[in-house]
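Here are some exercises on helix packing and ligand shells for you to work through. Try each task on your own before reading the solution beneath it.

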Amino acid sequence: MSFCIAIDGPAAAGKGTVSRAVAEEFGFAHLDTGLLYRATGAKTFEGLSPIEAAKTLTAEDLARADLRTADAGQAASRVAAIPEVREALIDFQRAFARRTGGAVLDGRDIGTVICPDAEVKLYITATDDIRAKRRFDELTAGGAETTFDHVLADLRERDARDSARAAAPLKPAEDAKIIDTSDMTIDAAVAQVVAFIKAQRA
Ligand code: CDP
Ligand code: CDP
């Protein structure tokens, strides 16, 4: 039996962290769909067109070490606005969403486009400042040299582009449960999400 949990939200809201914990709790598979766009964007650095890059994406591309950089995030956000790029990545995501045994997918359009009939839809968000602080801490802990202001501007630019695009824009599905984690620890956010999913499954 399949069971799809759709988790959307803006950059660095904690989607991935919550998704991984939820997948572990319920024994579901997890797909970070942002990685598909990051890997597509990164392939354009080598001169491929965005559409060609999306159509030829391999497991090896998804394992590249440079996908978490701000540059890969910006490239992802630019290629993600191209309808043919999104189209090329749909079948893989839909098959993953409906795999036997349950799936958690996180991204921007999971509840609206990829899995509109998801059994659970969540939209995880937090204030710009808090998201930028979390991403700044994460990047600097990994050795990146950046500033808080730079990270904040980067997230705002991507969120604005992702929200304004015509193809699958960032927005909560009408039936999504919105969770603002601004004042929550990771454990508190995970506990709230797990309790919500258990109530939905019962
Ligand atoms: O997947 P997404 O970009 O939405 O965010 P993430 O990568 O899961 O989280 C971004 C950073 O915020 C990570 O370093 C998390 O550990 C941290 N985080 C946090 O401090 N508090 C939360 N409630 C959720 C995430
Ligand atoms: O971790 P963070 O939230 O910063 O970014 P991500 O989830 O890895 O996504 C990188 C970029 O890919 C986003 O800014 C979006 O432009 C794009 N994306 C998308 O368009 N649709 C998705 N389902 C996932 C990501």
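The exercises below concern a predicted model, and each comes with a worked solution.

**Exercise 1. Burial of α5**

Task: Find which residues of helix α5 are buried, and name elements that cover them.

Solution: Start with the extent of the helix, since α5 spans residues 70-79. A residue is buried if 20 or more other C-beta atoms lie within 10 Å of its own. Applied to α5, this picks out A72, G73, A75, A76, S77 and V79. Next, look at what lies over these buried residues: the cover includes α2 (34-44), α3 (50-55), α6 (83-97) and α9 (148-164).

**Exercise 2. Two partners of α5**

Task: Work out how α5 is oriented against α9, then do the same for α2 and α5.

Solution: Recall that two packed helices are described by the angle between their axes and the distance between the axes. Take α9 as the first partner. The axes of α5 and α9 cross at roughly 15° and come within 10 Å. Angles under 35 degrees count as roughly parallel, and α5 and α9 are therefore roughly parallel to each other. The crossing in which α5 passes α9 is left-handed. On the α5 side, A70, G73, Q74 and S77 take part, meeting D154, R158, R161 and D162 of α9. Sorted by class, this contact holds 1 nonpolar, 3 polar and 4 charged residues.

Now turn to α2. Its axis and that of α5 are 7 Å apart, and the two helices pack at an angle of about 100°. The range for roughly perpendicular is 65 to 115 degrees, so α2 is roughly perpendicular to α5. From α2, the residues G34, Y37, R38, T40, G41, A42 and T44 meet A72, G73, A75, A76, R78 and V79 of α5. The class count for the contact of α2 with α5 is 6 nonpolar, 5 polar and 2 charged.

**Exercise 3. α8 against α9**

Task: Describe the packing of α8 on α9 and the residues that make the contact.

Solution: Helix α8 covers residues 128-141, and its axis comes within 9 Å of that of α9, crossing at roughly 120°. That angle makes α8 oblique to α9. The handedness of the α8 and α9 crossing is right-handed. For the contact itself, α8 brings D128, R131, A132, K133, R135, F136 and L139, which meet F148, V151, L152, L155 and R156 in α9. The contact of α8 with α9 has 7 nonpolar, no polar and 5 charged residues.

**Exercise 4. The ligand shells**

Task: For each ligand, which residues come nearest?

Solution: Begin with ligand 1, which has 15 residues around it; G14, K15, G16, T17 and R134 come nearest. Two or more residues of this shell come from each of α1 (15-26), α8 and α10 (186-201). By class, the shell around ligand 1 has 6 nonpolar, 5 polar and 4 charged residues.

Ligand 2 also has 15 residues around it, with G34, Y37, S77, A80 and G107 coming nearest. At least two residues of the ligand 2 shell are supplied by each of α2, α5 and α9. Its shell divides into 5 nonpolar, 5 polar and 5 charged residues.

**Exercise 5. The surroundings of K171**

Task: Is K171 buried, exposed or partly exposed, and what does K171 touch?

Solution: Locate K171 in the loop between α9 and β5 (177-180). Count 15 other C-beta atoms within 10 Å, so K171 is partly exposed. Leaving aside neighbours within four places in sequence, K171 is in contact with T112 and S163. Finally, the C-alpha atoms of K171 and Y123 are separated by 8.4 Å, with these positions 48 residues apart along the chain.

Conventions: Residues numbered from 1 in each chain as written. Chains lettered and ligands numbered in written order. Predicted model: local features only at pLDDT ≥ 70, side-chain atom pairs only at ≥ 80, totals over all residues. Buried ≥ 20, exposed ≤ 12 C-beta atoms within 10 Å, placed from the backbone. Helix = DSSP H or I, 4+ residues; strand = E, 2+ residues; numbered from the N terminus. Contact = placed C-beta atoms within 7 Å. Axes fitted to C-alpha atoms, helices over the stretch in contact; angles between N-to-C directions. Parallel < 35°, antiparallel > 145°, perpendicular 65-115°, else oblique. Left-handed = near helix turned anticlockwise from the far one by under 90°. Nonpolar A, V, L, I, M, F, W, Y, C, P; charged D, E, K, R; others polar. Near = placed C-beta within 6 Å.
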